[in-house]
Amino acid sequence: MSKILADIQHLSASYGSTQVLSDISFQVLEGQHWAIVGSMGAGKTTLAKALTGRLFRKGTVSFFQDGSPSSKVYWIEQQHRFKNRSNVSDFYLQQRFNSQDSEDAYTILEELAEDDSVAINAWLDVFHLAALANKPLIQLSNGENKRLQLVKALLKQPDWLILDNPFLGLDAQGREILSQCLAKLPELGIHFILISSAMELPETVTHVMVLEAGQSIWQGDKQAYEQRKQLFIKSRVDDWKAKLKELITTKEVFPSFQWALQMKDVRVKYGEKLVLTGFNWEVKQGDKWLISGPNGAGKSTMLSLISADNPQAYAQNLLLFDRKRGSGESIWDIKKRIGYVSPELHVYFRAPGTVREVISSGLFDIMGLGKRMSVDQSGRVEAWMEVMGLAHLCERNFQQISTGEQRLVLLTRALVKNPPILILDEPCQGLDEDKIQHVKELLDFMSEQDEFTLLYVSHYEQDVPNCVTQRKCMV
């Protein structure tokens, strides 16, 4: 009989008086590697917290190593958190593009300094971070930060890792590296449970549990799960196209332009580190572009020049909306024409408020609701929540909903004013399969009804909507 590596029985957990997990039981046997999947808000991250003792729980949770109980169980969160030299951990989005803030940030080696140097170098090499060892943390891409979080956890010499969506934000190479490392972990005596999207199950996974509304609704081997997967995909709202068509026909009218942007010989440098050099690109009104490239290629930096978040934009030969950057326009003149969402925006979006208030803030280009809405604006927000399937969350605190739900809220925030330019940087990160398909169909439908310019970043070909016709690869 196979050894029991983990034994979870009748696990329940609550946030205050709200029960989130109910009577979850499963066992991990020797040779098995489990993944937990489910729709947004199903309770996956809550389960990760409960398994690692970060949340009050009922029931029994037992992990073993070499037949003995183990307490060396570590949770690797979805989002990275760090402090700078000034002991500050609350950052704002634009800070990562400011040179002086980069100087106040620790480098990768400094962040890991308290650990064994031999082990540090070995793990940095495994996760392809050795060349970035002296890079400030605040300048790391989302995918690079993901890999660093894994290195930090492995340096603690864990018996078990609970990995909460580690593939989010990784490019194709990063996903392959992570898959290879997960396959090697059992050889090093490290076991894991993977919280994941159903679309990102590495070969090493042998068993799957489907979580829905805080309950285990199915468990079995991976092959059986793949055959039944469609049974677990939630249906979309039938009338969203009609609502969206009405929203588009009643949108605010923005001044027309020929060129969304023109970049000529753009050069961005932080200290001695060149991020962009000799970069050229032209985008006409109505173009639909896919921007691709590995983590660290400069995609976020380039987009920050467009979105008015990077102060180095003033020193560039950059044209936005037929007007040279720095010729008298304000940041708000630019932002009011752009809908923007990115993994970085999600990390730095700390404003309090309900889901309705966060979405409403997109009408005013602020982090949080600071202005009173008109009746028409309020109606627009309500309609967009229905289109995106968020109406049931409207009065929930944004900080207390699931990470996937937060990402969908921020995407809705970018869409709510129907801007002439949409900058969608990994907009489907953390969404379940049904929502990814919904976002793709929504963008395709919007492109049929109205002319807008789309700059779409994704590491996943299957996440790209059909309306995208042009490609910009950054290396």
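**Close-up 1. Strand 7 and strand 8 side by side in the predicted model.** Strand 7 (160-164) and strand 8 (191-195) run parallel and are joined by 5 bridges, and strands are taken to pair if DSSP finds at least two bridges between them. Helices (H or I, at least four residues) and strands (E, at least two) are DSSP runs that are numbered from the N terminus. Within this pairing, Trp 160 stands opposite His 191 in strand 8. This is a predicted model, in which local features need pLDDT of at least 70 and side-chain atom pairs count only at pLDDT 80 or more, whereas totals for chains, interfaces and linings use all residues. Residues are numbered from 1 along each chain as its sequence is written, and side-chain values use heavy atoms, with hydrogens and water left out.

**Close-up 2. Strand 8 and its two covered faces.** Strand 8 is largely enclosed by the rest of the structure, because 5 of its 5 residues are buried; buried means under 20% relative accessible area, exposed over 50% and partly exposed in between, with a 1.4 Å probe and protein chains only. His 191, Ile 193 and Ile 195 lie on one side and Phe 192 and Leu 194 on the other. Strand 8 also pairs with strand 3 in the parallel sense, over 3 bridges, and Trp 34 has Ile 193 of strand 8 as its bridge partner.

**Close-up 3. The open sheet and the helix that lies across it.** The sheet is open and is formed by 6 strands in the order 6-7-8-3-9-10, with mixed pairing. Strand 6 (73-76) and strand 10 (215-221) stand at the edges with a single partner strand each, so one side of each is left without a neighbour in the sheet. From one strand to the next the twist averages 15°, where axes are lines fitted to C-alpha atoms, for helices over the stretch in contact, and angles run from 0 to 180 degrees between N-to-C directions. Strand 9 (residues 207-212) pairs with strand 10 in the antiparallel sense over 6 bridges, and in strand 10 the bridge partner of His 207 is Asp 221. Helix 1 (residues 44-51) lies across strands 3, 6, 7, 8 and 9 and runs at about 140° to strand 3, contact meaning heavy atoms within 4.5 Å.

**Close-up 4. The second largest pocket and its lining.** This pocket has a volume of about 520 Å³ and is lined by 22 residues, of which Glu 252, Leu 363, Asp 376, Gln 377 and Arg 380 lie nearest its centre. A pocket is, on a 1 Å grid over the protein atoms alone, an open set of points where a 1.4 Å probe fits, with protein on both sides within 12 Å along at least five of seven lines, and lining residues have an atom within 4 Å of a point. The volume is the space filled by probe spheres set on the points, which are joined across faces, edges and corners. Helix 8 (240-249) and helix 13 (375-387) are the elements that give two or more residues to this lining, and the largest share, 7 residues, comes from helix 13.

**Close-up 5. Two residues with positive phi.** Asp 23, in strand 2 (residues 18-29), has a phi near 55°, and at 45% relative accessibility Asp 23 counts as partly exposed. Phe 321 lies in the loop between strand 14 (317-320) and strand 15 (323-324), where its phi is near 55°, and Phe 321 counts as buried at 11% relative accessibility.
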